[in-house]
Every structure is written in C-alpha cells, then in structure tokens.
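Reader: I'm new to this one and would love a close look at a single part that is mostly hidden from the outside. Could you walk me through what is there?

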Amino acid sequence: MTADAPLSLSPEVAAALAAGRPVVALESTIVTHGMPWPANVETARAVEAEVRAGGAVPATIAVMGGAIRVGLPEGELDALGRAQGVRKLSRADLAFCLASGETGATTVAATMICAHLAGIAVFATGGIGGVHRGAEATWDVSADLQELARTPVTVVAAGAKAILDIPKTLEVLETLGVPVIAYGQDGFPAFWSRESGLRAPLRADTPEAVAAAHRMRRRLGLAGGQLVANPIPPEAEIPRAEIVPAIEAALAEASAARVAAKDVTPFLLDRLNAITAGRSLAANIALVRANARLAAAVAGALAR
Ligand code: PSU
Ligand code: MN
C-alpha cells in the first residue's frame with residue numbers, strides 16, 4: 001500500500017486484507033456508464049453477492065470526497081447508481097478528480113490502480129476496453145490495455161466486446177506483454193458470444209492455475225497483470241447472427257452522431273441495449289456475475 005495515497009477502506013475490506021482473506025475488487029464505471037438505472041444498482045448488488053458466495057469479500061471502488069473508496073456501503077452504491085454527471089476516471093483523470101473532490105467512477109484502468117494501492121490482487125468486471133474499430137483513423141485505444149501492462153492485478157472479464165476490433169486488441173495486448181488466458185476453452189471469448197473465432201494465446205482450466213501464474217509473475221518481478229477471459233455462461237449467450245447486426249447499427253449511429261473519446265463505449269452499450277430490446281443488458285448481467293464467481297475462486301486460490 002502506498003503510504004500517502006488517499007485510500008479509505010471499508011471496515012470489512014480492511015479486516016479481510018489485514019487477515020489475508022480473499023478480496024475481489026469491482027469497478028464503478030460499469031454502474032455509472034455501463035448500465036441504465038436501476039439494473040446497474042441491482043447488478044452491482046448481485047455481483048457483490050456472487051463474490052461473497054464464492055468465499056471472498058467484494059470491494060467496489062469509486063472516488064468520492066477526495067478519497068479512493070474501497071468497499072462501498074449499500075446506500076452509497078445506490079446513490080452512485082442514480083447520480084448524474086459522474087466523471088468516468090481512467091489513469092489520466094484519477095489524481096485530478098481526487099484533488100478536486102469530485103465524484104468519479106473508476107474504469108478498468110483506474111480500478112486496477114486503486115486495487116493495487118489497497119493491496120487487492122484480483123478484480124472482476126464485464127468487458128475491458130480495447131482497440132476500437134476504425135482505430136487506424138481515430139487512434140481510439142483504451143487505456144485499459146496499457147494498465148494491464150503495468151499494474152499487477154489479475155482481471156477477470158468476458159473477453160472483449162465485438163464493438164471493438166478484437167484482432168487488433170489481442171495484437172496490442174501481445175505487444176504490451178499482457179498474458180491473455182482463456183478460461184476453460186482454447187478460443188478467446190467475445191463478451192456476448194463464447195467464441196470470437198480467434199484463439200487465445202493461453203488457457204487455464206482451474207482458479208489455481210490462474211493464481212499460480214499470478215504468483216510466478218510476482219516472483220519474476222514482472223510488471224503488469226493478467227487478463228482472464230471467461231466465456232459467458234452458455235444459457236446467456238447471444239448468437240452472433242443476432243448481435244452482429246445490432247453492433248453494426250450501433251456503430252453507424254455513433255459515427256453519425258460523431259461520438260468520440262470517453263463517450264464511445266457508454267454510447268454503444270446504451271444503443272445496443274435499445275436495439276436488442278434489453279437482451280444485450282441481460283447477457284451483460286449474467287456474464288459479470290459469472291466473472292465475479294471466478295474471480296472469487298482465483299482470490300481464494302491466491303490466499304491459500
Ligand atoms: N465494457 C463494458 N461495460 C463497461 C465498460 C466496458 O461492457 O462499463 C467500461 C469499463 O469501465 C472499461 C471502460 O474500463 O468502459 C472502457 O472505456 P474506454 O473504452 O473509454 O477506455
Ligand atoms: Mn477510448
């Protein structure tokens with residue numbers, strides 16, 4: 001833990017970390033920018049419950065009142081989920097938001113930084129940011145990828161969304177030296193679909209294998225974390241034939257509306273939810289719950 005970081009741990013998280021019990025970090029941008037109210041708050045609660053059922057303590061992370069809050073009481077999670085105009089924080093904005101005292105929700109990148117400061121090694125989310133389609137023109141590459149290369153947190157996600165350029169995302173992760181580990185299969189999953197059509201570079205079949213690789217990186221003194229790509233549960237999967245046209249429509253709307261920078265991902269998620277009449281959201285909820293379960297198991301294996 002960095003001695004001077006303005007961290008505020010909930011009593012439950014502080015006690016678990018002090019005792020070496022498993023803790024799983026959770027992000028807050030998925031709450032403020034990734035899902036509509038009230039599904040966002042209901043999902044955040046369900047995800048915390050999954051972490052607990054998996055034998056770990058959930059630590060939802062957000063910035064409030066000049067502090068990095070690690071572990072939010074239910075009332076504050078609720079308020080965050082209803083709040084308007086919350087800042088979306090990545091590495092670039094974290095310190096500024098803390099210094100100004102504004103409220104901010106942490107993306108994958110910022111959550112990794114905060115988790116590591118607090119001494120939490122495992123983090124569950126839905127999808128990571130990546131290389132956007134058309135990045136050769138827009139240069140839109142999520143800061144999540146660089147963060148995976150520098151901060152030693154194992155991130156459990158459902159792969160990359162097909163709103164991204166998945167082949168380019170995998171190439172950048174390889175260049176940055178980020179281990180991309182498919183869980184329980186050879187293929188790299190594509191968020192709403194279990195398969196992207198691309199092979200993942202690495203595969204693990206047990207939480208222990210993921211934990212062992214995490215520990216070995218530590219022993220080698222390697223910077224950076226690991227991306228565990230957990231395929232969506234089969235019963236929640238959206239067939240490619242259904243999701244691909246919806247994605248194309250959402251991308252066309254984003255381009256027509258000249259959506260850029262931080263607004264791209266939230267815009268696409270919101271439009272997809274509307275175009276699929278809520279199916280993409282239901283799938284998103286199922287996969288993030290499954291990721292929370294797996295992350296709890298990995299945290300448990302790391303704690304043993
Ligand atoms: N993907 C989702 N839901 C989300 C996000 C991504 O399915 O809520 C959020 C995460 O917080 C991720 C961020 O870190 O979007 C990436 O944003 P950008 O592409 O602007 O880096
Ligand atoms: Mn971006």
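Author: Happily! Helix 6 covers residues 108-118, and 10 of its 11 residues are buried, so the rest of the structure largely encloses it. This is a predicted model, in which local features need pLDDT of at least 70 and side-chain atom pairs count only at pLDDT 80 or more, while totals for chains, interfaces and linings use all residues. Residues are numbered from 1 along each chain as its sequence is written, chains are lettered from A and ligands numbered from 1 in the order in which they are written, and side-chain values use heavy atoms, without hydrogens and water.

Helices here are DSSP runs (H or I, at least four residues; strands are E, at least two), numbered from the N terminus. Buried means under 20% relative accessible area, exposed over 50%, and partly exposed in between, with a 1.4 Å probe and protein chains only. In helix 6 the buried residues are Val108, Ala109, Ala110, Thr111, Met112, Ile113, Cys114, Ala115, Leu117 and Ala118. Just after helix 6 comes Gly119, with a positive phi near 90°.

Elsewhere, Phe191 and Trp192 are buried too. The structure has one aromatic pair: Phe191 and Trp192 meet edge-to-face, 4.8 Å centre to centre with 90° between the planes. Rings of Phe, Tyr and Trp (its six-membered ring) pair if their centres lie within 6.5 Å; planes under 30 degrees apart are stacked, over 60 edge-to-face, the rest tilted. Phe191 also has the charged end of Lys161 over its ring, 4.9 Å from the centre (NZ of Lys or CZ of Arg within 6 Å of the ring centre and within 35 degrees of the ring normal).
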